[in-house]
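Below is a set of questions and answers on one protein chain. Please look over the sequence and the structure before reading on.

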Amino acid sequence: MADITNEQLIQRLQEKFGEQVFDIQEPYGLVTVTTTRENIIPMLQALYDDEVLQMQFLTTMCGMHFPDNKGQELGVVYHVHSLQNNIRLRIKIFFPEDDAVVPTATNLYLTANWMEREAWDFYGIRFEGHPNLIRILNVEEMEVFPMRKEFPLEDQTREDKINTFFGR
């Protein structure tokens, strides 16, 4: 099958999902869309099942934290890939920090298992329906989510650093 162009992919997404996809961009040649967490699993399923697109490989999925975006502080980004058509798609969803619940994609992509556990471990995003949502890299007793931008980047009390060596 011939490669699908970005223009064809965008047209297909708009035909299939209409208003469910928004903020369509193409940074560095990678089609990027935003949807809602309510639409993410039906959208991933439709892309997986689509006879033309065949987006059947989840390349990566990770959490994001933007504390200044009130009401949309947390997010998840999915990168899906069609090996048959040599095309990739980035899909983003955003939601409030105090309601960090997203449906699991493990029923569709087995690779989502580890990625969702990592997003839980580092960002506190709970994946509803996940078969084993426990920390994967940090200790279970940990009560914080270390990749959230809630902590200073470095210890301000350190005395062994001379700021002039670090361009400050």
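Contact means heavy atoms within 4.5 Å. Helices (H or I, at least four residues) and strands (E, at least two) are DSSP runs, numbered from the N terminus. This is a predicted model, in which local features need pLDDT of at least 70 and side-chain atom pairs count only at pLDDT 80 or more, while totals for chains, interfaces and linings use all residues. Residues are numbered from 1 along each chain as its sequence is written, and side-chain values use heavy atoms, with hydrogens and water left out.

Q: At which residues does UniProt place the feature "domain: NADH:ubiquinone oxidoreductase 30kDa subunit"?
A: The feature comes from an unreviewed UniProt entry. UniProt positions are given in the numbering used here, feature names are shortened, and annotations may be inferred rather than shown by experiment. Over the stretch concerned, the chain is 20% helix and 28% strand, and the end C-alpha atoms are 39 Å apart. The record places the domain at residues 33-156.

Q: How far apart are the end C-alpha atoms of helix α2?
A: Helix α2 covers residues 37-49, which is 13 residues. The expected span of a helix is 1.5 Å times one less than its number of residues, so for α2 it should be 18 Å. The model agrees with this, with the end C-alpha atoms 19 Å apart.

Q: Within what arc do the buried residues of α2 fall, seen down the helix axis?
A: Buried means under 20% relative accessible area, exposed over 50%, and partly exposed in between (1.4 Å probe, protein chains only). In α2 the buried residues are Arg37, Ile40, Met43, Leu44 and Leu47. They line one face of the helix, because the directions from the helix axis to the C-beta atoms fall within an arc of 100 degrees.

Q: Which residues are exposed on the other side of α2, and which elements are included in what covers its buried residues?
A: On the side away from the buried residues, Glu38 and Pro42 are exposed. The cover over the buried residues of α2 includes α1 (6-17), β4 (74-82), β5 (87-95) and β6 (101-103).

Q: Which residue forms a salt bridge with aspartate 99?
A: A salt bridge is a side-chain nitrogen of Lys or Arg within 4 Å of a carboxyl oxygen of Asp or Glu. The partner of aspartate 99 is reached at 2.6 Å, N to O. Aspartate 99 lies in the loop between β5 and β6 and its partner in helix α2, so the pair ties together parts that are 62 residues apart in sequence. The partner is arginine 37.

Q: Is arginine 37 buried or exposed?
A: Arginine 37 also meets glutamate 38 in a salt bridge (3.8 Å, N to O). Glutamate 38 counts as exposed at 55% relative accessibility, and aspartate 99 as partly exposed at 35%. Arginine 37, at 13%, counts as buried.

Q: Which residues are linked with Asp50 in a network of salt bridges?
A: Aspartate 50 forms a salt bridge with arginine 12, the closest N and O atoms being 2.8 Å apart. This pair links distant parts of the chain, 38 residues apart: aspartate 50 is in the loop between α2 and β3 (57-65), arginine 12 in helix α1. Aspartate 50 is buried at 4% relative accessibility, whereas arginine 12 is partly exposed at 26%. The residues linked with Asp50 are Arg12 and Lys16.

Q: How many aromatic pairs does a search of the whole structure find, and what is the geometry of tyrosine 48 and tyrosine 109?
A: Rings of Phe, Tyr and Trp (its six-membered ring) pair if their centres lie within 6.5 Å; planes under 30 degrees apart count as stacked, over 60 as edge-to-face and the rest as tilted. The search finds three aromatic pairs. The rings of tyrosine 48 and tyrosine 109 have centres 5.7 Å apart and planes at 70 degrees, so their geometry is edge-to-face.

Q: Which strands do the buried residues of α3 pack against?
A: Helix α3 (residues 112-123) has its end C-alpha atoms 16 Å apart, which agrees with the 16 Å expected for 12 residues. Its buried residues include Ala112, Met115, Ala119 and Phe122. They pack against β3, β4, β6 and β7 (126-128).

Q: How far apart in space are glutamine 72 and proline 96, C-alpha to C-alpha?
A: Glutamine 72 lies in the loop between β3 and β4 and is partly exposed at 42% relative accessibility. Not counting residues up to four places away in sequence, glutamine 72 touches Phe66, Phe94, Phe95 and Pro96. Glutamine 72 and proline 96 are 24 residues apart in sequence, and their C-alpha atoms are 4.6 Å apart.
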